[in-house]
Amino acid sequence: MAVITKRIRLVVVVGMATLALASGQVKPVGDERADSDALAKASFQAIQAEPVGAEIQGWGPGKAGMPGEPRELETLARRLTEDLGATAGEFRWEEYPDLYSVSLTGAAPGGVSTYTLVQSQPGADGKFSIFSSVRTPGPFLSPWPDRLAAALRQAGVVPELRWQYTATLPGKLSHAEQRKVVAAVMGVYGAVTVEGVAEEELYSVSAYTHKLQPAVDVAGRQINLNVGLRYHSYDHLTYLYLGIPLLDGEY
């Protein structure tokens, strides 16, 4: 299912994690423990970063025997969007020799946006996959994780979830400044670095903290916090991303 892989593949900018995620060998462990919103807020305050948004993502395969034809996929996407309390927006339909794909954007009160992608293979006995996300303009996600999980379960999917928070810092940071920022964030979470990478405009670490769940097992090591810094020259800002348990490939 190439299209859905392109959209939702979990990408971590650390060697072994990338390979494990791409091959589907990473499995979530446990449930959320701490208040993710509160920890993200405390992290941004510790480094005086400006929150700009947050996103909760959920995905999973549907059960055999569930709707799998084009019209049924559209109905499923629209129903999930409605269950999230969003008004349906742009609808897109794509058909390939081995894949049906529908996507639907949505808008909810307070500047919240939704996106849902439903895909199925022709003749797959009703098997399908769903990816759905909710983006908020502020630093908080609650109560959207619970709403999204409930909507996905109603659609016949046992979801995996990923949290992502975004904030900005002025200008371009030196490597020393990047290290200080990440160290401050790790201090808030009480996290231990597992591995990371530093490049010209990207600094990223994966870590583990007892304060958060779910965690993923990568090559025998648990990860449940991904911290990324990326400089954007178009607005002369450095963006800080917090991913639980991991960041996606779009930051």
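Two strands are taken to pair if DSSP finds at least two bridges between them, and on that footing Y231 stands opposite T238 in β13. The model described here is a predicted one, and its strands include ten that form an open sheet with antiparallel pairing. The points below begin with that sheet, move to the helices that lie across its strands and to the nonpolar core, and end with backbone angles that call for a closer look.

**The sheet**

- The ten strands follow one another in the order β3-β4-β5-β6-β2-β7-β13-β12-β9-β8, and the sheet that they form is open.
- The edges of the sheet are taken by β3 (87–96) and β8 (192–198), each of which has a single partner strand, so one side of each is left without a neighbour in the sheet.
- On average, and with direction ignored, neighbouring strands of this sheet are turned by 15° against each other.
- Strands of a sheet pair through backbone hydrogen bonds, and the pairing can be either parallel or antiparallel.

**Strand β13 and its partners**

- Strand β7 (residues 160–170) and β13 run antiparallel and are joined by eight bridges, with T166 standing opposite Y241 in β13.
- β12 also runs antiparallel to β13, the two being joined by seven bridges, and they form a hairpin with four residues between them.
- β13 is mostly covered, since seven of its eight residues are buried, where buried means under 20% relative accessible area.
- On from β13 to the strand that pairs with β12: β9 and β12 are antiparallel and share six bridges, and within this pair A207 stands opposite L225 in β12.

**Helices lying across the strands**

- Helix α3 (residues 36–46) lies across β2 (50–61), β7 and β13, and runs at about 20° to β7.
- Helix α4 (residues 70–83) lies across β3, β4 (99–108), β5 (112–120) and β6 (128–136), and runs at about 20° to β4.

**A closer view of helix α3**

- At the N-terminal end, D35 caps α3 through a side-chain oxygen that lies 3.0 Å from the backbone nitrogen of D37.
- The buried residues of α3 are S36, D37, L39, A40, S43 and F44; seen down the helix axis, these buried residues fall within an arc of 165°, so they line one face of α3.
- An α-helix has 3.6 residues a turn, so residues three or four places apart point the same way.
- The elements that cover the buried residues of α3 include β2, β7, α6 and β13.
- S43, which has its place in helix α3, counts as buried because its relative accessibility is 0%.
- A polar atom of the S43 side chain lies 2.9 Å from the backbone oxygen of L39, and, not counting residues up to four places away in sequence, S43 touches V185, V188, Y189 and L242.
- Just after α3, Q48 takes a positive phi of about 55°.

**The largest nonpolar core**

- In soluble globular proteins, nonpolar side chains tend to be buried together.
- The largest nonpolar core holds 53 residues, of which I130, Y165, Y189, V227 and L242 touch the most other members.
- Helix α6 (residues 175–189) supplies the largest share of this core, namely six residues.
- Leaving aside neighbours within four places in sequence, V227 is in contact with V182, V185, M186, Y203, S204, V205, L240, Y241, L242 and L247.

**Backbone angles to look at**

- Most residues other than glycine have a negative phi, and most peptide bonds are trans.
- A219, found in the loop between β10 and β11 (221–223), has a positive phi near 50°, and A219 counts as exposed because its relative accessibility is 54%.
- H236 is found in the loop between β12 (225–232) and β13, where its phi is positive and near 55°, and a relative accessible area of 47% makes H236 partly exposed.
- The peptide bond from Q213 to P214 is cis, with omega near 5°, and P214 has its place in the loop between β9 (202–208) and β10 (215–218).
- I244 and P245 are likewise joined by a cis peptide bond, with omega about 0°, and P245 lies in the segment after β13 (237–244).

Notes
Residues numbered from 1 in each chain as written. Predicted model: local features only at pLDDT ≥ 70, side-chain atom pairs only at ≥ 80, totals over all residues. Heavy atoms only, no water. Buried < 20%, exposed > 50% of the residue type's maximum accessible area, 1.4 Å probe, protein only. Core = buried A, V, L, I, M, F, W, Y, C linked by side-chain atoms within 4.5 Å. Contact = heavy atoms within 4.5 Å. Axes fitted to C-alpha atoms, helices over the stretch in contact; angles between N-to-C directions. Arc of directions from axis to C-beta. Polar contact = N/O pair within 3.5 Å; in protein donor to acceptor, adjacent residues only side chain to side chain.
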